[in-house]
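Got the viewer open? Let's take a short walk through this one, picking a few things to select along the way.

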Amino acid sequence: MLNAKIPSGPLENKWADYKGHCKLVNPANKRKLEVIVVGTGLAGASAAASLGELGYIVKAFCFQDSPRRAHSIAAQGGINAAKNYQNDGDSVFRLFYDTIKGGDYRAREANVHRLAEVSTNIIDQCVAQGVPFAREYGGLLSNRSFGGTQVQRTFYAAGQTGQQLLIGAYQALERQVALGNVTMYSRHEMLEVVTIDGKARGIIARDLVNGKLERHFGHAVLLCSGGYGNVFYLSTNAMGSNVTAAWKAHKKGAAFANPCFTQIHPTCIPVSGDHQSKLTLMSESLRNDGRIWVPKKQNDTRKATDIPEEERDYYLERRYPAFGNLVPRDVASRAAKERCDAGYGVGSSKQAVYLDYADAILRYGKIEAGKQGRSNVAEDEIIAMGKEVVKTKYGNLFDMYEKITGENPYEVPMRIYPAVHYTMGGLWVDYELQTTVPGLYALGEANFSDHGANRLGASALMQGLADGYFVIPYTLGNNLADEIYSKAIETSHPAFEEAEKAVSDRINHLMNIKGKQTVESFHKRLGKIMWDKCGMARNKEGLEQAIKEIQALKKEFWSDVRIPGEVNEMNTELDKANRVADFIELGELMCVDALTRDESCGGHFREEFQTPEGEALRDDAGHMYVSAWELKGEHQWELHKEALNYEVIKPTQRNYK
């Protein structure tokens with residue numbers, strides 16, 4: 001079932017050789033081929049813009065009112081690229097190596113090397129689009145460090161890098177819309193993939209404004225719909241982020257890969273009560289200059305500023321001296337959880353640690369004084385100058401923290417705790433980003449391909465833009481070259497009628513349940529099961545319990561959910577019900593996947609499999625593969641394994657000490 005289509009030859013030549021030998025579609029034929037792009041975040045907007053520029057007939061769908069509201073805008077800290085502007089030893093190979101190692105040796109070598117290769121082009125593309133990357137005094141692009149690396153390769157635009165990159169992609173997309181090459185369907189949600197003779201040939205979408213179902217044909221369908229972190233209810237994802245597009249593809253035969261690989265981000269504002277519906281990310285870039293610590297005394301109730309230096313435990317610097325506060329996210333998250341579970345947590349909930357900028361403010365202040373040729377400067381003036389530097393680099397993040405917590409992070413340390421952020425799992429794709437359903441592709445966070453069991457910070461933006469700008473234009477063309485004789489299929493075709501009827505029947509079934517419980521209450525209950533039993537740590541007993549609980553929750557949902565309103569109108573509760581129904585099914589598969597993987601790796605930490613120091617203990621002999629699940633029936637999946645053969649990098653126990 002699984003053919004990764006990895007080109008032969010040396011790793012460093014695979015992508016160049018592929019591009020040199022792939023099939024091409026001439027410009028006249030491109031104007032006859034229709035492509036559907038679902039999702040218009042970084043991956044979708046860049047793909048739609050690129051394909052429109054090439055001459056394809058593109059239809060782009062987003063459930064927001066504008067592509068500018070895609071969740072990609074929430075990315076804060078930066079985007080990686082192997083430019084080596086700092087002359088600190090970076091290279092394409094180093095980025096490739098760090099990404100494979102950071103993913104705990106559970107990613108496909110060929111895809112990751114390609115990602116590292118095209119990373120340098122992404123920065124040039126974005127600069128040409130006018131993305132306002134931070135620059136040094138002399139005008140050169142600035143870089144900073146991120147977790148899992150010992151070089152500075154992260155390009156950034158203050159703490160709003162995702163927003164600026166998306167505006168660049170959005171401008172490119174809107175140019176194609178204005179030229180008539182791309183048709184934009186906003187406030188539309190894809191609810192089904194249409195397949196004809198085993199190939200994806202279109203979608204059924206719901207107009208979220210009037211509730212009507214629409215049929216759309218495409219010679220190929222690209223899913224760029226993001227990740228599924230909201231299966232946990234509380235996450236850093238936007239409230240609307242969902243798995244529906246990918247899940248509908250899964251139910252039509254597309255294998256779902258590594259669903260249990262979920263990233264817990266170590267730097268988030270802690271939960272403050274049961275009233276919350278989402279969590280707020282504080283960029284990992286803050287770990288670049290901030291120091292993370294807890295009191296050395298258990299249950300210490302003193303204010304952070306009252307705890308002297310000698311009574312503070314900078315536990316990441318103590319445990320991992322080589323990387324310190326810049327260990328990968330999974331390592332930093334588990335370390336924070338361990339300290340809090342051991343009684344060293346801070347804040348009213350005791351489920352938080354400190355992220356402190358006092359040292360950075362002093363350091364930057366002294367540098368500023370040195371620039372001015374001044375000595376014997378008073379400490380309060382040094383602090384004032386240091387705060388201005390920090391404000392320039394991270395000001396919007398500090399402002400956001402103060403608005404949410406009421407505390408001034410320039411004066412007192414931030415309180416942070418891990419939270420669900422990104423999903424490394426997704427639809428299985430081959431080297432060409434094609435799923436197991438011919439003609440159906442998955443890009444960006446919607447696929448599984450580049451991050452293994454843990455994503456390095458600043459690599460999500462890199463993958464989304466790499467897939468959209470530099471990969472799919474070649475790989476899609478290679479397959480559409482065989483479609484130039486295929487005429488557009490009328491949406492009156494029986495396959496479209498059947499797909500629309502299935503969607504309509506499901507919606508009417510949901511509306512006619514008329515139970516007593518809200519959609520939100522079911523989502524909340526699912527999230528608690530997932531966080532408690534398939535979250536930062538998992539074990540066999542808990543996962544077995546979770547599977548039974550989710551199956552019972554699904555039965556209860558389909559018999560007692562209440563959805564107000566009507567079908568043929570704007571109905572946000574109905575939209576949410578469709579998404580939560582899919583989340584419930586996905587949650588079960590995530591637990592099934594976690595249960596079968598008898599090892600710990602990256603974001604998947606099985607308590608039974610850990611080293612004496614509490615680190616993840618991989619089983620390379622038994623589990624060096626991609627888990628690709630094929631749906632067979634309700635509560636039934638078949639596991640297919642794609643073996644991971646490392647030709648260049650030798651897997652070793654990860655060590656950041």
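Which residue forms a salt bridge with lysine 5? Select glutamate 432 and you have the partner, with the closest N and O atoms 3.6 Å apart. Keep in mind that you're looking at a predicted model. Lysine 5 sits in the segment before helix 1 (14–21), while glutamate 432 is in the loop between strand 16 (426–427) and strand 17 (440–442), so the pair ties together parts that are 427 residues apart in sequence. Try a surface view too: lysine 5 is partly exposed, at 34% relative accessibility, whereas glutamate 432 is buried, at 4%.

**More salt bridges**

A search of the whole structure turns up 56 salt bridges, so let's pick a couple more. Select glutamate 338 and arginine 339: their closest N and O atoms are 2.8 Å apart. Here glutamate 338 is partly exposed, at 32%, and arginine 339 is buried, with a relative accessible area of 12%.

Now go to glutamate 638 and lysine 632, another salt bridge, at 3.4 Å between the closest N and O atoms. Glutamate 638 counts as partly exposed at 35%, and lysine 632 is partly exposed as well, at 49%.

For a bigger selection, light up Asp104, Arg106, Asp330, Arg334, Arg597, Glu599, Arg618, Asp620 and Arg654, which are linked in a network of salt bridges.

**Helix 6**

Next, select residues 161–179, which make up helix 6. Its 19 residues should span 27 Å at 1.5 Å a residue, and the end C-alpha atoms are 28 Å apart, which agrees. Show the side chains of its buried residues, among them Leu165, Leu166, Tyr170 and Leu173. What do the buried residues of helix 6 pack against? Look for helix 3 (42–54), helix 5 (109–129) and helix 13 (460–480), along with strand 3 (79–80), strand 4 (154–155) and strand 5 (182–186). Just after helix 6 comes glycine 180, with a positive phi near 90°.

**An open sheet**

Last stop: switch to cartoon view and find the open sheet of 5 strands, in the order 11-15-14-12-13, with antiparallel pairing. Which strands are at the edges? They are strand 11 (262–268) and strand 13 (312–313), each pairing on one side only. Strand 11 pairs with strand 15 (residues 414–423) in the antiparallel sense over 5 bridges. To finish, select cysteine 268 and look across to tyrosine 417 in strand 15, which stands opposite.

Definitions and conventions. Residues numbered from 1 in each chain as written. Predicted model: local features only at pLDDT ≥ 70, side-chain atom pairs only at ≥ 80, totals over all residues. Heavy atoms only, no water. Pairing = 2+ DSSP bridges. Helix = DSSP H or I, 4+ residues; strand = E, 2+ residues; numbered from the N terminus. Expected span 1.5 Å × (residues − 1). Buried < 20%, exposed > 50% of the residue type's maximum accessible area, 1.4 Å probe, protein only. Contact = heavy atoms within 4.5 Å. Salt bridge = Lys/Arg side-chain N within 4 Å of Asp/Glu carboxyl O.
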